[in-house]
Amino acid sequence: MKITKLEKKKRLYLMELDHQQTSYITEDTIVRFMLSRDKIISKEELTEIQDFAQFSYGKNLALYHLSFKARTEKEVREYLKKYDIHDKIANPVIANLKEDNWINDRQYAYAIINANQLSGDKGPYVLTQKLAQKGIAKSTIEDVLKDFDHTEVVQRTAEKLLRKYEGKLPARALQDKIIQSLTNKGFSYPDAKSAFDDLESQVDQETTQELIFKELDKQYPKYARKYEGYELKQRLTQFLARKGYDFSDIASALREYL
């Protein structure tokens, strides 16, 4: 068989044999097999050329995808699948890219966790979940997590939450809010509790009383229209308790307010 045409078509080249059979091949394929117009090739050579062209095309697609940012093996596989690259081709492409360190799930996990250490606010549980969704094996994630101490991250996040909620919630509710927020971000309860306990700034008694009086200013007119005396006091006490105030603080505030 003789190559009668070798013409560039965007990313690929059109190779025509004896003005009948055609194949799309990559530039790497042309270089590897030293292809040119009028060259004679056998059936065996044609099969080898076509196999390598598919591999080369798949690899070029993957490298293009990887050129923007690091990707996991799962992400690259999904990208190749979008272009109808079957596993028969994708498997050796992935293996080649892993060998050349273009794909390295452990390195990817390390980079994400390290970035979180520097400026993030996620705990180990959320990090594990997010990385697992990227297709990284849990054993790999757990192994990488061993290299990191999350004490600074949880403390930094707790301080940020304190600045957000301080002066808006009573001490007990503030504690519950911060600890709940930290556990939602993936930190363990003991770590979240310890971070809260280590906070230097706490809501003082004066702030708590101010918050209670603000609540009473809003709620007293509503309850006073329906209740009076002991029942009014009980209703207000129940409302403030639901808000997270301690009964001793409520009793003290009500003695002054009523």
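Aspartate 38 is found in the loop between helix H1 (27–33) and H2; helices (H or I, at least four residues) and strands (E, at least two) are DSSP runs, numbered from the N terminus. The model is predicted: local features need pLDDT of at least 70, side-chain atom pairs count only at pLDDT 80 or more, and totals for chains, interfaces and linings use all residues. Residues are numbered from 1 along each chain as its sequence is written, and side-chain values use heavy atoms, with hydrogens and water left out.

**Exercise 1. Backbone angles**

Task: State the sign of phi for aspartate 38 and for aspartate 84, then classify the exposure of aspartate 38 and of aspartate 84.

Solution.
- Step 1. Most residues other than glycine have a negative phi.
- Step 2. Aspartate 38 has a positive phi of about 80 degrees, although it is not a glycine.
- Step 3. Phi of aspartate 84 is also positive, near 60 degrees; this residue lies in the loop between helix H3 (73–82) and helix H4 (87–99).
- Step 4. Buried means under 20% relative accessible area, exposed over 50%, and partly exposed in between (1.4 Å probe, protein chains only).
- Step 5. Aspartate 38 is partly exposed because its relative accessibility is 49%. Aspartate 84, at 59%, counts as exposed.

**Exercise 2. Salt bridges**

Task: Find the partner of aspartate 147 and the partner of aspartate 246, and locate the members of each pair.

Solution.
- Step 1. A salt bridge is a side-chain nitrogen of Lys or Arg within 4 Å of a carboxyl oxygen of Asp or Glu. The count by this rule is twelve salt bridges.
- Step 2. Aspartate 147 pairs with arginine 106, their closest N and O atoms being 3.8 Å apart. This pair links distant parts of the chain: aspartate 147 is in the loop between helix H7 (138–145) and helix H8 (151–165), and arginine 106 is in helix H5 (residues 105–119), 41 residues apart.
- Step 3. Both ends are partly exposed: aspartate 147 has a relative accessible area of 49%, and arginine 106 has 35%.
- Step 4. Aspartate 246 forms a salt bridge with arginine 172 (3.7 Å, N to O). Aspartate 246 lies in the loop between H12 and H13 and arginine 172 in helix H9 (residues 171–184), so this pair ties together parts that are 74 residues apart in sequence.
- Step 5. Aspartate 246 is partly exposed at 31%, as is arginine 172 at 36%.
- Step 6. Other salt bridges include aspartate 121 with lysine 122 (2.7 Å, N to O) and a network linking Lys5, Glu7 and Lys9.

**Exercise 3. A polar contact in a strand**

Task: Which side chain does the side chain of serine 23 contact, and is serine 23 buried or exposed?

Solution.
- Step 1. A polar contact is a pair of N or O atoms within 3.5 Å; within protein, one must be able to donate a hydrogen and the other to accept it, and residues adjacent in sequence count only if both atoms are side-chain atoms.
- Step 2. Serine 23 lies in strand E3 (residues 21–25), and its side chain makes a polar contact with the side chain of glutamine 50 (2.9 Å).
- Step 3. Serine 23 is buried, with a relative accessible area of 9%.
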